[in-house]
Amino acid sequence: MSRKLLPVSITAALMGGTAMADVPNVAVDIAPVHSLVARVMEGVGAPNLIVQAGASPHEYNLRPSEAAALQNADLVFWMGEDLTPWMEGAVETLANGATVTPLLEADGTVLLDFREDALFEAHDHGDEDHAEEEDHDDHDHEEHAADEDHDHEDHAEHDDHHDHAHGDHDPHAWLSPKNADTWLNVIAAQLSAADPDNAGAYFANAAAARAEMASLAAEVSATLEPVRGSNFIVFHDAYQYFENAFDFPASGAISLSDASDPSPARISEIQGRIREEGINCVLSEPQFNPGIVATVLDGTEANTGVIDPLGSDLEPGAKLYPQMIRNIAKTLAECL
């Protein structure tokens, strides 16, 4: 491939790249990652967002302005093909001269394997090793992430899981503030390699954002503490990074995928869990049919709320990421 696809270490990023006369043009796939890049670029420039609010990142048709943003990009930050498989071809075709950073492959990123069952059992949060974490002691609390060598050949055969057959890892990794913390430095390093004149600003912004991330984690933990131990069901299995980060596990998901409707058998299984185990809350998402949640709730006393893993109702920019994480915690606390 002619483009530079870089799951790079920070050291390599700092050593690579060529100084540019102007602030680099930057394109970012989804709003939460765009927010992190915008925070690092504050006072210097602003990145372009590719996947607009309210759209599914798994399937998306580029607008002309978004295609132009990719074509003009010097740097592209995206989660990777596990989240936005369509973007692989778009980046290769339109941004073949850009430095491309798939954050799911960045050094220090904690990755979790998919959960396949409607009901999440205790072993999903157990003691399985995580190969990517061996050299990252600051992620020791997430050692329950599944081993990357775990066999997932049955994913392609699973009725509700067919769209995840392209990879073993859950791509919703931005919902871990620890991953966001790691990526801030990766983003600053790549920007600094392309724009050495502003390296000091990029790294100062990243350092400030990391301090803000620590405060955010403490704030969210305090928000969740009064309802810790309560049981809830999510609409689709996108939140295990948030669950692990704050030790606040969900009991199950109505759908494993946000690209397919749950089967009647799966809905029945979830309804049984709600009735038998006293589930307190069933959460929907803005882009999904609320009728499915109503069906699941039928005959139960569980509350409901709307939770959004992409910050679709928030203004894109540096403030979106922390507000999105706060909103998830607030919705959980109010629903439970």
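Buried here means under 20% relative accessible area, exposed means over 50%, and partly exposed is what lies in between, with a 1.4 Å probe and protein chains only. Helices (H or I, at least four residues) and strands (E, at least two) are DSSP runs, numbered from the N terminus.

With those terms in hand, take helix H4, residues 85–94: Trp86, Met87, Glu88, Ala90 and Val91 are buried there. An α-helix has 3.6 residues a turn, so residues three or four places apart point the same way. The buried residues of H4 pack against helix H3 (64–71), strand S4 (75–78) and strand S5 (99–102).

**What you are looking at**

This is a predicted model, in which local features need pLDDT of at least 70 and side-chain atom pairs count only at pLDDT 80 or more, while totals for chains, interfaces and linings use all residues. Residues are numbered from 1 along each chain as its sequence is written, and side-chain values use heavy atoms, with hydrogens and water left out.

The predictor's confidence in each residue is its pLDDT, on a scale from 0 to 100. The protein has a mean pLDDT of 83, and 78% of its residues reach 70 or more. Two stretches deserve a wary eye. Over residues 1–21 pLDDT stays under 50, and the model has 48 contacts beyond four places in sequence for them; a contact is a pair with heavy atoms within 4.5 Å. Residues 122–166 also stay under 50, and for this stretch the model has 90 such contacts.

**The overall fold**

The secondary structure comes to 10 helices and nine strands. Of the 336 residues in the protein, 54% count as buried. As for contacts between residues at least 6 apart in sequence, 67% join residues at least 24 apart. The protein exposes about 14,000 Å², and carbon and sulfur atoms supply 46% of that area. Accessible areas come from the Shrake-Rupley method with a 1.4 Å probe, and for residues only the protein chains shown count as cover.

**Cores**

A nonpolar core is a set of buried Ala, Val, Leu, Ile, Met, Phe, Trp, Tyr and Cys residues joined through side-chain atoms within 4.5 Å. The largest one holds 79 residues, and Val76, Phe242 and Leu332 touch the most other members. Leaving aside residues up to four places away in sequence, Leu332 touches Leu224, Phe232, Phe242, Phe248, Leu283 and Ile307. There is also a second, separate core of 15 residues, with Leu119, Phe235, Ile274 and Val282 among them.

**One disulfide**

Call two cysteine sulfur atoms within 2.5 Å a disulfide, and the count comes to one. The partners are Cys281 and Cys335, with sulfur atoms 1.9 Å apart. This pair links distant parts of the chain: Cys281 is in strand S8 (residues 281–284) and Cys335 in helix H10 (residues 320–335), 54 residues apart. The torsion about their S-S bond is about 105 degrees, so the disulfide is right-handed. Both Cys281 and Cys335 are buried.

**Salt bridges**

A salt bridge needs a side-chain nitrogen of Lys or Arg within 4 Å of a carboxyl oxygen of Asp or Glu. A search of the whole structure turns up nine, including these:

| Acid | Base | N to O distance |
|---|---|---|
| Glu42 | Arg39 | 2.7 Å |
| Glu243 | Arg115 | 3.0 Å |
| Glu225 | Arg228 | 3.0 Å |

The Glu243 and Arg115 pair links distant parts of the chain, 128 residues apart: Glu243 is in helix H7 (residues 240–245), while Arg115 is in the loop between S5 and helix H5 (177–194). Glu243 counts as buried because its relative accessible area is 2%, and Arg115 is buried too, at 4%.

How do the other two pairs look? Arg39 is buried at 13% relative accessible area, whereas its partner Glu42 is partly exposed at 39%. Arg39, Glu42 and Glu212 are linked in a network of salt bridges. Arg228 counts as partly exposed, with 30% relative accessibility, and Glu225 is partly exposed at 47%.

**A loop residue**

Ala46 sits in the loop between helix H2 (31–41) and strand S3 (48–49). Is Ala46 buried or exposed? Ala46 is exposed, because its relative accessible area is 61%. From Ala46 to Pro24 is 22 residues in sequence and 9.3 Å in space, C-alpha to C-alpha.
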